[in-house]
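Here's a quick briefing to read with the model open beside you. It covers a proline and its surroundings, some helix packing and the cysteines.

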Amino acid sequence: MSDDLKFTVQRPPAYGELTDVLPGLFWVRLPMPTIPNHVNCWLLDNGPGWTLVDCGLNTDDTFEIWDRLWRGLLRARPLQNLTFTHAHLDHFGLAGYLVKEMKCTVRMPLAEWLSGWKMWHEREEAPDEHFAAFMTRNGASDEDAVRIIQAQRPSKYLGLRPPREFIRIRDGDVIAMGQREWLTITAGGHSPEHAMFYCESDKLLIAGDQILSHMAPSVIVPSAQPEANPMKEYLEALTRLEALAPDTLVLPSHGLPFRGLHARLAQLREHHQARLDDAASVVSGKTNAFAIAQEVFPRVLYANPRQAFGESLAHLNMLASIGRLTRDVDANGAITFAPA
């Protein structure tokens, strides 16, 4: 898959090591107790201080790495600004602590800030009655829904209360980070208003999770937006990114920096097209998202129902939007799909 990509390094740096990427731009890789097992953050030298793009989870490991760096190599100058690609906890979890300690400003898109607050307010909640209703409207029996919800184990919430104040950034905004100017590009699909940052003069793209070298980011329909079409939003974003220089250096949030943006965009498009074709081939008659999730993600369905169910529905909603399937809602709100 990655034969057409040219990696700038062959192996990742040690966790917490300050690694030069280009003048004034540094890479810090943080460990995570999940899959993937790390997240990449980017430090930019502003002169009088630093900008940090993404900051990692609220874990002891992440806290110790940032504490050591700011007491050591970074101690001469303060953290001035935290800029976020999106509000998933592996990017945003420690934000509240850094803002309180460093008195830094925060920049992020509005939908991501709101998403962070939604996750915080729901932090103690496992899948509940609302999620059960979401599943049953999409084909699960009441017994299946109860069994899936009962299979969920409580997990520790790895985030802090989000910052109460932020500077909103929008698609098309040009912002200063370090000694460079960066165009803000926002996209849906993986998260509501995921931000990427492109420096045209140096052909650099801080890509967040939108473009990864070794895996496709998750694209799911959330229970809060059951009619959403995140796959359409994600694929549209791939098309928009084709306008960037082919030899752009891509700085992803997981994996290694690489050149070969256009090749990777094509690979991701082919991957999703193949998955859409697979989903369409499974639909021989009237079906629903629960039946597809059972067939495609039988193990994941009980371990991570939001992922299995949401991804299945993302494919079905996309196929319906392009006319390959029909979508029907009956008088009781039950949603089914069938070949067009």
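Start with Pro163: beyond its neighbours within four places in sequence, Pro163 is in contact with Phe92, Ala95, Gly96, Val99, Val106, Trp113 and Trp117. Keep in mind that this is a predicted model. From there we'll move to helix H8, which packs against H7 and also against H11, and finish with the cysteines.

**Around Pro163**

- Pro163 sits in the loop that runs between helix H6 (142–150) and strand S8 (167–168).
- Its relative accessibility is just 5%, so Pro163 counts as buried.
- Two tryptophans, Trp113 and Trp117, are among the residues that Pro163 touches.
- For a sense of distance, Asp67 is 96 residues from Pro163 in sequence, and their C-alpha atoms are 19 Å apart.

**H7 against H8**

- Helix H7 (residues 230–241) and helix H8 (residues 261–282) have axes that come within 10 Å and cross at roughly 155°.
- That angle is over 145°, so H7 and H8 count as roughly antiparallel.
- The crossing of H7 past H8 is left-handed.
- On the H7 side, the contact is made by Met231, Tyr234, Leu235, Leu238, Thr239 and Leu241.
- H8 brings Leu261, His262, Leu265, Leu268, Arg269, His272 and Leu276 to that contact.
- Sorted by type, the residues of the H7–H8 contact come out as nine nonpolar, three polar and one charged.

**H8 against H11**

- The axes of H8 and helix H11 (residues 305–321) also come within 10 Å, but here they cross at roughly 85°.
- That makes the H8–H11 pair roughly perpendicular.
- From H8, Arg275, Leu276, Ala279 and Ala280 meet Glu311, His315, Met318 and Leu319 of H11.
- This contact of H8 with H11 divides into five nonpolar residues, one polar and two charged.
- Leu276 of H8 turns up in the contact with H7 and in the one with H11.

**The cysteines**

- How many disulfides does a search of the whole structure find? The count is zero.
- Cys41 is in no disulfide, and the nearest cysteine sulfur, in Cys55, is 6.6 Å away.
- Why is there no bond for Cys199? Its closest cysteine sulfur is that of Cys41, and at 20 Å that is too far for a bond.
- Cys41 is buried, with a relative accessible area of 0%.
- Cys199 counts as buried too, with a relative accessibility of 0%.

Definitions and conventions
Residues are numbered from 1 along each chain as its sequence is written. This is a predicted model: local features need pLDDT of at least 70, side-chain atom pairs count only at pLDDT 80 or more; totals for chains, interfaces and linings use all residues. Side-chain values use heavy atoms; hydrogens and water are left out. A disulfide is a pair of cysteine sulfur atoms within 2.5 Å. Buried means under 20% relative accessible area, exposed over 50%, partly exposed in between (1.4 Å probe, protein chains only). Axes are lines fitted to C-alpha atoms, for helices over the stretch in contact, and angles run from 0 to 180 degrees between N-to-C directions. Helices (H or I, at least four residues) and strands (E, at least two) are DSSP runs, numbered from the N terminus. Angles under 35 degrees count as roughly parallel, over 145 as roughly antiparallel, 65 to 115 as roughly perpendicular and the rest as oblique. A crossing is left-handed if the near helix is turned anticlockwise from the far one by less than a right angle, and right-handed if clockwise. Contact means heavy atoms within 4.5 Å. Ala, Val, Leu, Ile, Met, Phe, Trp, Tyr, Cys and Pro count as nonpolar, Asp, Glu, Lys and Arg as charged, and the others, Gly among them, as polar.
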